Amino acid sequence: MCPKPVARFIDQTGTVVELPTVPSRIVSLVPSQTELLYTLGLDRELVGLTKFCVHPETWFRSKARIGGTKTVHLDKLIELAPDLVLANKEENLQATVEAIREKVPVWTSDVTNLGTALDMIVKIGELVGKVQKARELVDQLKQAFFTIRPVSRPLRTAYLIWKKPYMSVGADTFIYDMLIRCGFDPITREQTRYPAIE
């Protein structure tokens, strides 16, 4: 008896993910990727999400919640019998992702700028059998970004994401890339990740 063919994908962290079929039961550990699945029309396939996946509200109210992005209840996740879990290098703890990967295929995104965000959309589209719709969405987003006209004179900017301690965004983050595209001049251009500032 011949083994069933397995599709191999490489996630944005360089990890190989093997799927025997197009996934029919998906759990998302990432709010933005939950919204992407909704946009791609995967209502029936999405079976679980986090308590921070509040959009769309219909999914937040009706889908099973498996904890937070950093406090995933592994037992609840496994009970849902997913054939694919979507994670994010920044949102989810590496130890959690590795524990899930022992039982279920996990595809992990690593979004640091517009280019990697668009790449993530296409790759998830390929994973879930919605590549055409994903490419159409990417084309729409590219067109929308082309219409952005940055402010005429860069505005010196402090962007805060946290308090106690105050934290900002470094030059290797998606938020920083968005600020630059809009014509802002972040004060943290020499820093990386999410620096604490005074």
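Helix 4 (residues 94-101) gives the most to the lining of the second largest pocket, with 4 residues. Helices here are DSSP runs of H or I with at least four residues, strands are runs of E with at least two, and both are numbered from the N terminus. This is a predicted model, in which local features need pLDDT of at least 70, side-chain atom pairs count only at pLDDT 80 or more, and totals for chains, interfaces and linings use all residues. Residues are numbered from 1 along each chain as its sequence is written, and side-chain values use heavy atoms, with hydrogens and water left out.

Stay with that pocket. On a 1 Å grid over the protein atoms alone, a pocket is an open set of points where a 1.4 Å probe fits, with protein on both sides within 12 Å along at least five of seven lines; lining residues have an atom within 4 Å of a point. The second largest pocket has a volume of about 160 Å³. A volume is the space filled by probe spheres set on the points, which are joined across faces, edges and corners. Among the residues that line this pocket are T13, T15, N88, K89 and T108. Its lining divides into 2 nonpolar, 6 polar and 3 charged residues. Here Ala, Val, Leu, Ile, Met, Phe, Trp, Tyr, Cys and Pro count as nonpolar, Asp, Glu, Lys and Arg as charged, and the others, Gly among them, as polar.

Next comes the sheet. It is open, with 5 strands in the order 5-4-3-6-7, and the pairing is parallel. Two strands pair if DSSP finds at least two bridges between them. Strand 5 (64-65) and strand 7 (106-109) are the edge strands, each pairing on one side only. Strand 6 (residues 84-88) runs parallel to strand 7, and 4 bridges join them. One pair of bridge partners is A87 and T108, the latter in strand 7. Helix 4 packs on this sheet and touches strand 6 and strand 7; its direction makes about 155° with that of strand 7. Axes are lines fitted to C-alpha atoms, for helices over the stretch in contact, and angles run from 0 to 180 degrees between N-to-C directions.

Now look at the hairpin. Strand 1 and strand 2 form it, with 5 residues between them, and G14 in the turn has a positive phi of about 90°. The two strands, strand 1 (residues 7-10) and strand 2, run antiparallel and are joined by 4 bridges. A7 has L19 of strand 2 as its bridge partner. In a regular strand the side chains alternate between the two faces of the sheet. Strand 2 (residues 16-19) shows such alternation: V17 and L19 point to one face and are buried, while V16 and E18 point to the other and are not. Buried means under 20% relative accessible area, exposed over 50%, and partly exposed in between (1.4 Å probe, protein chains only).

The largest pocket holds about 980 Å³ of space. It is lined by 29 residues, and the closest to its centre are S32, E90, E91, F174 and I175. Helix 1 (31-39), helix 5, helix 6 and helix 7 each give two or more residues to the lining. Helix 1 has the largest share, 6 residues. The lining divides into 19 nonpolar, 6 polar and 4 charged residues.

Which residues of helix 7 (residues 174-181) are buried? They are Y176, D177, M178 and L179. Their cover includes helix 5 (114-127), helix 6 (131-146) and strand 9 (184-186). Take L179: its relative accessible area is 8%, so it counts as buried. Contact means heavy atoms within 4.5 Å. Not counting residues up to four places away in sequence, L179 touches Y159, V169, F184 and P186. After helix 7 comes G183, whose phi is positive, near 95°.

M120 sits in helix 5. M120 has 8% relative accessibility, so it is buried too. Leaving aside neighbours within four places in sequence, its contacts are Q12, Q33, L36, W107, S109 and V111.

Finish with the backbone. The peptide bond from H55 to P56 is cis, with omega near -5°. P56 lies in the loop between strand 4 (46-49) and helix 2 (57-62). Another cis bond joins K164 and P165, with omega about 0°. A81 is not a glycine, yet its phi is positive, near 50°. A81 lies in the loop between helix 3 (74-79) and strand 6.
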